[in-house]
Amino acid sequence: MPLEYTPLDHVPLPPKDAQVYTTACDYCIVGCGYKVYRWPVDAPAGGPRAAENAFGVDFPSGTLRPWVSPNQHNIVRVDGREHHVVVVPDFETQVVNRSGNHSIRGGTLALKCYNPETPTRERLLYPMIRVNGELQRVDWDTALEVMAAVSKHVLANYGEAAWAMKTYSYEFFENTFAITKLAFGAIKTPAFSQHDKPAMGNDTAGLDDSGLINFSPSYDDWQMADVLFISGTDPYETKTVLFTEFMMKGPKLIMVLPRRTAGVAFAESRGGLFLQVVPGTDTLLHLAISRVILENGWEDREFIERWIATSWEINSGMGRGTRNTPWQWRTTWGQFGTDFQGYRDWLLGYEWAELDRASQVTGVPKEKIVQAAEMLTGAGGERPKASFGLEKGNYWSNNYLNTASFTAMALLCGAGNRPGQVIGRLGGHQRGWMKFAGYPRDKSPEKLPGRRKVELDLDRWVEAGKVRFAWVIGATWTAAMAASQEFERRFREMTRDNPHQITSLDKDRIIETLIRRVDSGGMVVTVSDIYPVVPMGTEFADIVLPAAAWGEHDTTRCNGERRLRLYSKFYDPPGEAKPDWWAISRFAQKMGFQGFDWETGNDVFEEAARFSRGGILDYYALVWKAKQEGKTGHEKLRELGTTGIQTPIRVENGELVGTKRLHDSTLKLGSPEGPTIHAKWLTHFRSHTGKALLIKTPWELFGDFFDYIKPRREEGEFWITNGRINEIWQSGFDDKRKPYMENRWPETFAEIHPEDAARLGIESGDYIRMYSDRVLIQTGGFNRVKPEEMRFTWLLENGYIRFGKADVQAVAIVTDAVPPGLIFTNFLEPGSPANSLVHRVPDPITNRYRFKLGTGKVERIGESPYKEDFRFMTFKPRDVG
Amino acid sequence: MASKPSELTPASLQEPRCEAADPAFLLSRRQFLFGVGATMTVLSMPGWLVRRGMPARVHAQVAEYPRQTIARLSALRTGDVLSFNYPWDHPQSLNFLVKLGERAGGGVGPDQDIVAFNSFCTHQGGPMAGTFRADIGVAGPCPIHWTTFDLTRHGMVVSGHATLGLPQILLEVDGDEIVAVGVMGLIFGYYDNRVDPSA
């Protein structure tokens, strides 16, 4: 049953003398600024008069004025004493969430704080080892010694690639720096991937290869534009304050999504355009829009002349150009990079880009495709400022072709390097990846045709039984990856179903047992997290380590406009929970590695600053300045509060200066001062010549896979696509423990069209199952030799594809927001993972899954309790305009 | 499920002084919320909040929610919207009462479809008056940031940013009179619904 939730009708106000801490939201990419007010429970609360409370505001306050909701209050422990905390948006900030704006996620941050009298009591408090199937408390030393002993054995006998790590990419610089120093610096394992993908490398390689850095824009650009092309996301749902604070305040919106959302309703109410695409067909939509533009001569000639690489520039020299992409086989094929004339000739002669054909495949009416081209270019009249943002619906349905064709379309419209005319990712989580060293590609057991090594597909590596020790840090792994339930089965085989299970808490016997497991072909799993993770921590892990979370230690990271802030500690981690950097450092010491003797998070932050130099998140100047002023790096950043500073940080006239946008052709730079590095991409594109590149995107590279998986309607198959929903962050690890949020979404949902629902006898509030015995799973094939091995058809014909099963449950919501034949569900419900229905066949160019192209059948199970109970869930339409 | 007693009652109604005041009155409130025939159970607010909730100084100011007649049952037609102030004569105590035409959580009247809510969005206080959508039983979108609330499910956020549902005005029927008797959830701008802002 759902949690008990009591909507309170009062809340304590922070007193005048409350301690104030600045921080930023723990959740989405936007990274709103927050303030935490803290005071002891035995001290009086603030009063309603301005002179009596910390806000200096009379209560009742008013519209757009400071306020505290009961869900913004909690009780935490500091040095063993209980304190009130109120966590509210910073009402004074001039950046990001101006005027105290917030989302429902960030707005309830206070509820995530550990308080044993709330559902957060489920936090992991102590290291544990699974004995006789049950996790039992041990001390840190024991847990780390067992890990080190098993790791040494694995490395000595099976090599680096048998020692794997699956980790978040974003939980703060201090942690990710420590993680990469261990994995890439000390162990040098290629068996490493981040939380949301099977292999390392760029998520939007098409942007990258075109010379675009994916977080180059500033948030202001999304407001300054006259028209926005938003692909594969509704920012209202998933990066809320970017939408409500910037995008809602100016530009006309063109939104490309398979389903109608609140953001679409808003866009249409303001003269915008909704392009409802069939999942996976964005490339053809981009090509068709581009073709309309070129046929009519609406492209930005002046920009193209100045900023698009010529064929000589593409083919010359070293550095980034399509002849020198990380994927050498593309060069072998020679069918991607081209100059403007080459692109124009190709597109105008390419049958898949024809309006009729593209309209038929994408499902977008021809007149809307033409209308989009007109809106983006002004149709020969005054050229509007057009900006282009994309996210996972775009790049996680057809990774390379979608991102490259998207960028080419945007470049034709003159976007990419001017205020209000930008191209970028809109983002999911924040940018907390600070690496010690690059991925050791030379050690990867996977290669492409030609001689180029490629980042290893870790999931396929696990499936192949090659991993003997895995350390999972803050990730669900199975639920977040494709063909989840099949993946869980493989994990279970290699861990719990292995005959060598721990039966004693004696350390030597534990090590002996686990080494026997490893030698018998099994796998040992360690999970570091804040809650028990289903099923990785609850079922598969032998060792579980408790992590300290947001607010429990000082940490740093950037948001989606590269804004660096300090996330202040304001209460103590529960039990023996420790920051992940600490666990890494103590493990590394037990392994005998040098350079891991950090004592504080600031030690890591300052060391990492040197490794950030010259990069997009370069904050070396901040630490340099801090040293001059006799401060620590963290202290200096704390002074910058919720405003922080945008990286790369430069020095001008002795003062720190942030960088608003990258590729900014209007930015004037003098001589580099102090530690400042003037990278070429500050003012130019990131390519050999500083110009952007147009990349051809032939549909044939994807078409065979698309045609094979396309739902067979006559057999009752649906697209079962997935995405984020406003009220749930990631796996819901916090939201499921916030009674208010949990009552809103006690279980996962599936939107289904009324016609389909009527045929299947489904009503809103019914449980349904979504299932398939046709989930494609690629196996083996790490050593590719010939170009045709990159094609799905070749994999299928040569025995590299097996068929798996999936069966997940959800509560139906009947709505015409989705088209017939398509179901939309939440992307990450660990207990019922939608990704089970997603084919585990990555884009061969980039090793990225087509997460949004799940397919399966549907049937009704019966009524859920929420159908008639007014307290939980709602089945009202979300696309109300 | 609909007749099951619920924890969804405002904290002030759950405190002992309330129950001592008039148990029958309390029962009728619950009937009001969860349908005639509801079994009453004694509920408590989370213990940790009872123990360390509000400072004593504020407790001293607490008043019981007043009873206030809002409308006549016989005069209401489906789709009708009435505005009224409650619990105080203060701009943010502006509420709206609607006859939804579909059964609703806390709904009164023979069809359990008459509900009332505060008119200010619990995100940043946007005015929700006039945004009621009779066709779908939703209030919204809020003109400022586009939040919507489900009026059939205690003002739950359908889509949007509010950290609290739209505060529901608890209603009961007394003969032909519809009477407001309490507020479930903190009103935007307030720190305590029970404190008269003009005092």
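A crossing of two helices is right-handed if the near helix is turned clockwise from the far one by less than a right angle. In this predicted model, the crossing of H2(A) and H20(A) is right-handed. H2(A) also passes H22(A) in a right-handed crossing. The points below follow H2(A) and its partners, then turn to a strand residue, a buried helix and the contact between chains.

**H2 against H20 (chain A)**

- Helix H20 covers residues 507–519 of chain A, and its axis comes within 10 Å of the axis of H2(A).
- The two helices cross at roughly 35°.
- H2(A) contributes Thr142(A), Glu145(A), Val146(A), Ala149(A), Val150(A), His153(A) and Val154(A) to the contact.
- These meet Lys507(A), Ile510(A), Ile511(A), Leu514(A), Ile515(A) and Val518(A) in H20(A).
- Sorted by class, this contact holds nine nonpolar, two polar and two charged residues.

**H2 against H22 (chain A)**

- Helix H2 spans residues 140–158 of chain A, and helix H22 spans residues 580–591 of chain A.
- Their axes lie 9 Å apart and make an angle of about 55°.
- H2(A) and H22(A) are therefore oblique to each other.
- On the H2(A) side, the contact is made by Trp140(A), Leu144(A), Glu145(A), Met147(A), Ala148(A), Ser151(A) and Lys152(A).
- H22(A) answers with Arg586(A), Phe587(A), Lys590(A) and Met591(A).
- By class, the contact of H2(A) with H22(A) has six nonpolar, one polar and four charged residues.
- Glu145(A) takes part in the contact with H22(A) and in the contact with H20(A).

**H22 and its surroundings**

- H22(A) has twelve residues, which should span 16 Å at 1.5 Å a residue.
- The C-alpha atoms at its ends are 16 Å apart, in agreement with that value.
- Nine of the twelve residues are buried, and H22(A) is mostly covered.
- The buried residues are Asp580(A), Trp581(A), Trp582(A), Ala583(A), Ile584(A), Ser585(A), Arg586(A), Phe587(A) and Ala588(A).
- Two of these, Arg586(A) and Phe587(A), also belong to the contact with H2(A).
- Helical partners of the buried residues are H2, helix H3 (173–187) and helix H23 (601–612) of chain A.
- Strand partners are S15 (469–473), S16 (524–529) and S17 (543–546) of chain A.
- Gly592(A), just after H22(A), has a positive phi of about 85°.

**Phe469 in strand S15**

- Phe469(A) sits in strand S15 of chain A.
- Phe469(A) is buried, as 26 other C-beta atoms lie within 10 Å and 20 or more count as buried.
- Outside its neighbours within four places in sequence, Phe469(A) contacts Val150(A), Ser151(A), Val154(A), Ala162(A), Trp163(A), Ala164(A), Val518(A) and Val524(A).
- Among these, Val150(A) and Val154(A) of H2(A) and Val518(A) of H20(A) also take part in the contact of the two helices.
- Phe469(A) and Ala164(A) are 305 residues apart along the chain, yet their C-alpha atoms are separated by 6.1 Å.

**H17, an enclosed helix**

- Helix H17 of chain A runs over residues 399–412, with 14 residues.
- From first to last C-alpha H17(A) reaches 20 Å, close to the 20 Å expected at 1.5 Å a residue.
- 14 of the 14 residues are buried, so H17(A) is largely enclosed by the rest of the structure.
- Gly414(A) follows H17(A), with a positive phi near 85°.

**Chain A against chain B**

- Chain A places 53 residues in contact with 59 residues of chain B.
- Helices H1 (104–107), H7 (240–245) and H8 (262–269) are the elements of chain A that give two or more residues to this side.
- The side of chain A that touches chain B divides into 25 nonpolar, 18 polar and ten charged residues.

Definitions and conventions:
Residues numbered from 1 in each chain as written. Chains lettered and ligands numbered in written order. Predicted model: local features only at pLDDT ≥ 70, side-chain atom pairs only at ≥ 80, totals over all residues. Axes fitted to C-alpha atoms, helices over the stretch in contact; angles between N-to-C directions. Helix = DSSP H or I, 4+ residues; strand = E, 2+ residues; numbered from the N terminus. Parallel < 35°, antiparallel > 145°, perpendicular 65-115°, else oblique. Contact = placed C-beta atoms within 7 Å. Nonpolar A, V, L, I, M, F, W, Y, C, P; charged D, E, K, R; others polar. Expected span 1.5 Å × (residues − 1).
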